[in-house]
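Good morning, and thank you for making time for this item. I should like to take you through one model, beginning with its overall make-up and ending with a few individual residues.

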Amino acid sequence: MDKEISSEDLMARIANGDNDAFEILVNRHQTSVLNLVYRFIGDRTEAKDLSQEVFIQVWQAAKSYKPKARFTTWLYRITANLCFNELKSSRRKKWFSFQQSGEHSRNTLEETLSDGAPSAEDLLLEKERSRQISDALQSLPDNQRMALVLKRYDDLSYAEIAQVIGCSVSAVESLLVRAKRTLQEKLKNF
């Protein structure tokens, strides 16, 4: 039954003080918010804290919420703003891991031992490759990195990314092209 209620309807109920509706909304969206924050910030503890802050802001904004776009777009906008603010306030860049759980197994080197297990050398090469990719991604400007995360992991459209980041669709296209070009340049020798 909880799945039948739209997030927009839940927000209307939350505006009226419905704690159960808030719990349903949090349970529905907490994993995607936590994943987005973690992929951008790169620290699990901070990601949990910022994710909680996202939902505190959702609760506080419930009375003024107007469903002008998809709920997730609005939610990701809050999330992105908190991530950007965290980076600005801390004045430090966090380790950014672009590798999604399970991706290592899909992207391992093709050469393996006859029993199917990668050799020690292959594991070291894979670890170095992952480090190089993470370093290259960490070096991207915040807007490029956020656009890349939203496109790569959340499969948002350019229009949705533009709403989340607060720019035009053509700016999103440009951000993604520049991010790809930068990554290709930094990883060309690898």
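A helix here is a DSSP run of H or I that covers at least four residues, a strand is a run of E with at least two, and both are numbered from the N terminus. On that basis the chain holds 9 helices and 0 strands. Please keep in mind throughout that this is a predicted model. Read along the sequence, the pattern is α-α-α-α-α-α-α-α-α.

Let me give the totals for the chain. It has 190 residues, and 42% of them are buried. The accessible surface amounts to about 11,200 Å², with 49% belonging to carbon and sulfur atoms. If we take the contacts between residues at least 6 apart in sequence, 66% of them join residues at least 24 apart.

I turn now to the interior. In soluble globular proteins, nonpolar side chains tend to be buried together. In this model the largest nonpolar core has 51 residues, and M11, V58, M146 and L150 are the ones that touch the most other members. Which elements give two or more residues to this core? They are α1 (7-15), α2 (19-41), α3 (44-61), α4 (71-90), α6 (120-138), α7, α8 (158-165) and α9. The largest share comes from α2, with 10 residues.

Next, helix α7. Is it largely enclosed or largely open? It is largely enclosed by the rest of the structure, because 8 of its 11 residues are buried. Those buried residues are D142, Q144, R145, M146, A147, L148, V149 and L150. The presence of D142 in that list merits a remark. D142 lies in helix α7 and has a relative accessible area of 19%; buried means under 20%, so D142 qualifies. Its C-alpha atom is 8.6 Å from that of F40, although D142 and F40 are 102 residues apart in sequence.

How does α7 meet α9? The axes of α7 (residues 142-152) and α9 (residues 169-186) come within 9 Å and cross at roughly 100°. That makes the two helices, α7 and α9, roughly perpendicular. On the α7 side, the residues in contact are N143, Q144, A147, L148 and K151; on the α9 side, they are L175, L176, R178, A179, T182 and L183. By class, this contact has 6 nonpolar, 3 polar and 2 charged residues.

Helix α9 also packs against α8. Here the angle is about 95°, and the axes are 8 Å apart, so α8 is likewise roughly perpendicular to α9. From α8 the participants are Y158, A159, I161, A162 and I165, and from α9 they are V169, V172, E173, L175 and L176. This contact divides into 9 nonpolar, no polar and 1 charged residue. L175 and L176 of α9 thus appear in the contact with α7 and in the contact with α8.

Let me now consider some single positions, starting with L150. Leaving out residues up to four places away in sequence, L150 touches L36, Y76, D155, L156, I161, V164 and I165.

One of these partners, L36, is found in helix α2. L36 counts as buried, at 0% relative accessibility. With the residues up to four places away again set aside, L36 touches Y76, T79, M146, V149, L150 and D154. The C-alpha atoms of L36 and V149 are separated by 7.3 Å, and the two residues are 113 apart along the chain.

Another partner of L150 is D155, in the loop between α7 and α8. Is D155 buried or exposed? It is exposed, with a relative accessible area of 59%. The backbone deserves attention as well. Most residues other than glycine have a negative phi. D155 is not a glycine, yet its phi is positive, at about 50°.

Finally, I14. This residue lies in helix α1 and is buried, with a relative accessible area of 3%. Apart from its neighbours within four places in sequence, I14 is in contact with A21, F22, L25, W59 and A62. The C-alpha atoms of I14 and V58 are separated by 9.3 Å, across 44 residues of chain. V58, as mentioned, is one of the core residues that touch the most other members.

That concludes my presentation, and I welcome your questions.

Key
Residues are numbered from 1 along each chain as its sequence is written. This is a predicted model: local features need pLDDT of at least 70, side-chain atom pairs count only at pLDDT 80 or more; totals for chains, interfaces and linings use all residues. Side-chain values use heavy atoms; hydrogens and water are left out. Buried means under 20% relative accessible area, exposed over 50%, partly exposed in between (1.4 Å probe, protein chains only). Contact means heavy atoms within 4.5 Å. Accessible areas come from the Shrake-Rupley method with a 1.4 Å probe; for residues, only the protein chains shown count as cover. Axes are lines fitted to C-alpha atoms, for helices over the stretch in contact, and angles run from 0 to 180 degrees between N-to-C directions. Angles under 35 degrees count as roughly parallel, over 145 as roughly antiparallel, 65 to 115 as roughly perpendicular and the rest as oblique. Ala, Val, Leu, Ile, Met, Phe, Trp, Tyr, Cys and Pro count as nonpolar, Asp, Glu, Lys and Arg as charged, and the others, Gly among them, as polar. A nonpolar core is a set of buried Ala, Val, Leu, Ile, Met, Phe, Trp, Tyr and Cys residues joined through side-chain atoms within 4.5 Å.
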